[in-house]
Structure formats: structure tokens, C-alpha cells
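Me: I am new to this structure and should be grateful for a close look at its sheet and at the side-chain contacts around the strands. Please take the account step by step.

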Amino acid sequence: MKIDGACHCGYIRVEGEADPEKTTVCHCTDCQVGTGSAFRVNIPVPGSTFRITGQPATYLKTTAESGNLQAFCPRCGSPIYSTSPGEGQQASYMVRVGILRQRRDFVPRRQNWFRSALPWVSSLATLHRNEKQA
């Protein structure tokens, strides 16, 4: 499936191809801190199809078991992707689903690092829902 999207301010734009069946939720503590939330939703995009405009800021998160390079917008701070460290095009990019125009099509199919999931995540469906901010 063709994808495209942008950070919150529009400085960074991405496009590529992704398989919605590979959408994952990650509950690791690095993803919790990196998002400021309870988890992160990712989709792998092959490096051969991944295109980006704008220059993301990056840092190497060496305490994660994955040791991935994290990329984000230097202007608005939106997380964009993670990938293996190294120069040039990488084999794959874990793109943050929230920046994609097609985010509704990327329903998570698996959860990783569930041992780190916050205990209340499984009960979200039972909470009162407001259509807009209350």
C-alpha cells in the first residue's frame, strides 16, 4: 500500500510502501518515554521505497535493546521513524503511524514488549468516551 504523511508542522514529509498487516504496537519503556504516552504504533517501510523530504534531527538510543537511530522533526518535535544506525539508505524504517495520512488503515496486528505495558492499557474500551474534549 502506498503511504504518505508529514510531521505536525509539515517540514518533514515521507512516502513509501507498507503492508498494513505488519502494524505493531510497542509497549517498551523507550517507546513510552519517546512518545510521552503509553505506547507507540509503528509500520515497517522498506528502505527501497522510503522517501523523505526535509532534514530530520536524529539521536542514537543506545540503551534500547534494539539500539536504533531515532528521527524526529527539528521544528515541531514529531517522531518520524527509527532505523538501524549507519550512513545512507537503510534496509527498513519503522515509521510512526500517527504521521501518515492513511493512519486509519493501519490497525495494529501485534503488540511487542507487552511485559512493559501499563496495566490500564487493556481497559481503555471500558472508559467513558466523549466525541470532543469535555
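Reply: The sheet provides the starting point. In this predicted model, 7 strands make up an open sheet with mixed pairing, in the order E6-E7-E8-E9-E4-E3-E10. Its edge strands are E6 and E10, each of which pairs on one side only. On average, neighbouring strands of the sheet are turned by 30 degrees against each other, direction ignored. Within that order, strand E4, made of residues 40–46, pairs with E9 in the antiparallel sense over 5 bridges. There, Ile43 stands opposite Val95 in E9.

The aromatic side chains come next. Searching the whole structure gives 4 aromatic pairs. One of them joins Tyr59 and Phe72 in a tilted arrangement, with 6.0 Å from centre to centre and 55 degrees between the planes. Tyr59 belongs to strand E6 (residues 57–60) and Phe72 to strand E7 (residues 69–72), so this pair ties together parts that are 13 residues apart in sequence. Tyr59 is partly exposed, its relative accessible area being 39%. Phe72 also counts as partly exposed, at 26% relative accessibility.

Another aromatic pair consists of Tyr81 and Tyr93, and it is edge-to-face: the centres are 5.1 Å apart and the planes stand at 85 degrees. This pair links distant parts of the chain, as Tyr81 lies in strand E8 (residues 79–83) and Tyr93 in strand E9 (residues 92–96), 12 residues apart. Tyr81 is buried, with a relative accessible area of 8%. Tyr93 is buried as well, at 6% relative accessibility. Together with Phe50, the residues Tyr81 and Tyr93 form one aromatic cluster.

A further ring has a charged partner. The charged end of Arg75 sits over the ring of Tyr11, at 3.8 Å from the ring centre.

Charged side chains can also be considered with one another. Side chains of opposite charge can pair when their charged atoms come close. For the whole structure, the search finds 3 salt bridges. In one of them, the side chains of Glu17 and Lys2 meet at 3.4 Å, N to O. Glu17 is in strand E2 (residues 13–17) and Lys2 in strand E1 (residues 2–6), so that the pair links distant parts of the chain, 15 residues apart. Of these partners, Glu17 is partly exposed, with a relative accessible area of 36%, whereas Lys2 is exposed, with a value of 62%.

Strand E1 takes part in another salt bridge through Asp4. Asp4 is bridged to Arg101, and their closest N and O atoms are 2.7 Å apart. The two residues link distant parts of the chain: Arg101 lies in the loop between E9 and strand E10 (110–112), and 97 residues separate it from Asp4. Asp4 counts as partly exposed at 24% relative accessibility, while Arg101 counts as exposed at 63%.

The loop between E9 and E10 also contains Arg109. This residue forms a salt bridge with Glu21, the closest N and O atoms being 3.0 Å apart. Glu21 lies in the loop between E2 and strand E3 (24–26), and the pair links distant parts of the chain that are 88 residues apart. Arg109 counts as partly exposed, at 42% relative accessibility, and Glu21 counts as partly exposed at 45%.

The cysteines complete the account. The count of disulfides comes to 0. A disulfide requires cysteine sulfur atoms within 2.5 Å. For Cys7, the closest cysteine sulfur is that of Cys73, at 3.7 Å, and is therefore too far for a bond. Cys7 is buried, with a relative accessible area of 6%. For Cys26, the closest cysteine sulfur belongs to Cys28 and is 3.6 Å away, so it too is too far for a bond. Cys26 likewise counts as buried, at 9% relative accessibility.

How values were computed: Residues are numbered from 1 along each chain as its sequence is written. This is a predicted model: local features need pLDDT of at least 70, side-chain atom pairs count only at pLDDT 80 or more; totals for chains, interfaces and linings use all residues. Side-chain values use heavy atoms; hydrogens and water are left out. Rings of Phe, Tyr and Trp (its six-membered ring) pair if their centres lie within 6.5 Å; planes under 30 degrees apart count as stacked, over 60 as edge-to-face and the rest as tilted. Helices (H or I, at least four residues) and strands (E, at least two) are DSSP runs, numbered from the N terminus. Buried means under 20% relative accessible area, exposed over 50%, partly exposed in between (1.4 Å probe, protein chains only). A charge sits over a ring if NZ of Lys or CZ of Arg is within 6 Å of the ring centre and within 35 degrees of the ring normal. A salt bridge is a side-chain nitrogen of Lys or Arg within 4 Å of a carboxyl oxygen of Asp or Glu. Two strands pair if DSSP finds at least two bridges between them. Axes are lines fitted to C-alpha atoms, for helices over the stretch in contact, and angles run from 0 to 180 degrees between N-to-C directions.
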